[in-house]
Structure formats: C-alpha cells, structure tokens
Amino acid sequence: MKNIVVGVCGGIACYKAVEIVNQLKKDGYNVNVIMTKSAQEFVRPLTFQVMSGNIVVTDMFDPIDHWDTTHIDLAKNADLFVIVPATANVIGKIASGIADDMLTTTVMVAKCPVLIAPAMNSAMYENAFVQTNISKLTDNGYKVLQTKEGLLACGDEGQGKLLDWEEIVKEIKESIEKENKYLRS
Ligand SMILES: Cc1cc2nc3c(=O)[nH]c(=O)nc-3n(C[C@H](O)[C@H](O)[C@H](O)COP(=O)(O)O)c2cc1C
C-alpha cells in the first residue's frame, strides 16, 4: 500500500482537504494527515482522523505513542507529500528553509515528490513575495499546482481559489502512479 502524507494549513479551503483524504483512503492509499495549528481553527483533527483512519499529527511536541508518526518516519515512509490547502505562510516557510512546526519540519525531511496546492485571497496570491516563493519551490522540484480564478470566500474575485478537489486527487494519483513524476533532484 502506498503512503501519502497530507499537510493541511490554516485556510478557509481546509474543508476541501477532507474530501481529498476521504477519496484517497477509499482508493486504497494509507493517508497520514499533519495539521498546522491554524488549520485546527478551521477543521477539527477528529474529522481527518475518521476520514484517514490514522491518528492526526498536530503538534511537534506531543508525547510520542506511535513511533511511525514522528516527522522523520512520516517523511521516510511517504511515497507522496501533498500540502492542501497551502497557505502563503507555509509556502514562504518552505521556500525559506524554515521548519518551526510539524508540517514544515516533515516536508523538509521528505525526499519523495511534493505537491503543493495553494489557496488564498487574490491579493495575497499576486503578492510579489508569494510569487517569488512559489518560483523558488518550482525551481527546486516541488510541484506547485495552479489556482483557479473566481469568487473567493472573502468576497473578492480573482486568482487564488483552490483547484477543485477532484482535480487535486487526479494530480495526486497521476503523480504517485507514475513513479517519480515530480521527484526533486
Ligand atoms: C477566516 C480566515 C481565512 C483565511 N484563509 C487563508 C487562506 O485561504 N490562505 C492563506 O494563505 N491564509 C489564510 N488565512 C491566514 C492564515 O490562517 C494565517 O496566515 C496563518 O498564520 C496560517 O498558518 P499556517 O500556514 O501555519 O497554517 C486565513 C485566516 C482567516 C482568519
């Protein structure tokens, strides 16, 4: 069984990650979810725990009762790492080599392909620093998915909407089945 680590960040599109985890589990993948502290303000870990059938990793310094959920083990065992929704904050942290929580630390350890699905307000998405950070990730072999244009949850219109979850699942499955499709050098 292939292992997928799903990193969930604190954006309004968090609930769409629930559908993605649900579908991946139904499709026979072992899914481990890591949530940032902000993500837990939007969706409770319990939802992802039920959908994935695995304990959700929420804190770097939780007592370790399952050795296979440390950042090193999750990263080593992953066939694919997906960050959805990816906030401007986490994109910036990864691009800057910052590892100050479980998600950014684990993704730093991971040698498997990493798919990043951004979602944010259009002004954030178009911000020069965010665009520079996305380019840095792309240049270093991370696969950053496009966003959609449309009406955003905040009421603004423009780029920055998360792709439809079905499309993200398709990308994930294509990537994991075509071995090393997005493997970084
Ligand atoms: C209601 C609400 C919605 C938000 N939506 C987004 C979003 O879609 N994308 C984003 O990058 N940040 C969004 N933020 C801001 C992030 O939650 C904030 O930058 C946070 O520090 C991100 O933490 P994380 O990257 O560790 O998950 C939102 C904040 C609030 C209060």
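Guide: A residue is near a molecule or strand if its C-beta atom, placed from the backbone, lies within 6 Å of it. The model here is predicted: local features need pLDDT of at least 70, side-chain atom pairs count only at pLDDT 80 or more, and totals for chains, interfaces and linings use all residues. Numbering runs from 1 along each chain as its sequence is written.

Visitor: Which residues around the ligand come nearest?

Guide: The ligand has 15 residues around it. The nearest of them are G10, G11, T36, S38 and T87.

Visitor: How many charged residues does the shell around the ligand have?

Guide: Ala, Val, Leu, Ile, Met, Phe, Trp, Tyr, Cys and Pro count as nonpolar, Asp, Glu, Lys and Arg as charged, and the others, Gly among them, as polar. The shell has nine nonpolar and six polar residues. Its count of charged residues is none: there are no charged residues.

Visitor: Which helix gives the largest share of that shell?

Guide: Helices (H or I, at least four residues) and strands (E, at least two) are DSSP runs, numbered from the N terminus. The largest share is three residues, from residues 88–95. That is helix α5.

Visitor: How many residues of α5 are buried?

Guide: Buried means 20 or more other C-beta atoms within 10 Å of a residue's own; exposed means 12 or fewer, partly exposed lies in between, and C-beta atoms are placed from the backbone. The buried ones are A88, V90, I91, K93, I94 and A95. Their cover includes β3, α6, β4, α7 and α8. Of eight residues in α5, the buried number is six.

Visitor: With which residues is I91 in contact?

Guide: Contact means C-beta atoms, placed from the backbone, within 7 Å. Neighbours within four places in sequence are left aside. For I91, that leaves A86, I116, P118, V130, N133, I134 and L137.

Visitor: Which strand gives the most to the largest nonpolar core?

Guide: A nonpolar core is a set of buried Ala, Val, Leu, Ile, Met, Phe, Trp, Tyr and Cys residues joined through C-beta atoms within 7 Å. The largest has 58 residues, and I4, V6, V84, I91, I116 and A117 have the most contacts inside it. Six residues come from one strand, at 80–86. This is strand β3.

Visitor: What is the order of the strands in the open sheet?

Guide: Two strands pair if DSSP finds at least two bridges between them. The pairing is parallel. β1 and β2 share six bridges, and β1 and β3 share four. The five strands run in the order β2-β1-β3-β4-β5.

Visitor: Which residue in β4 is the bridge partner of F81?

Guide: β3 and β4 run parallel, joined by four bridges. On the β1 side, F81 stands opposite V5. In β4, its partner is V114.

Visitor: Is the peptide bond from V84 to P85 cis or trans?

Guide: P85 sits in strand β3. Most peptide bonds are trans. The V84 to P85 bond has omega near -10 degrees, which is cis.

Visitor: Why is T58 buried?

Guide: T58 lies in the loop between α3 and α4. Among its contacts beyond four places in sequence is M35. T58 counts as buried because the number of other C-beta atoms within 10 Å is 21.

Methods
Two residues are in contact if their C-beta atoms, placed from the backbone, lie within 7 Å.
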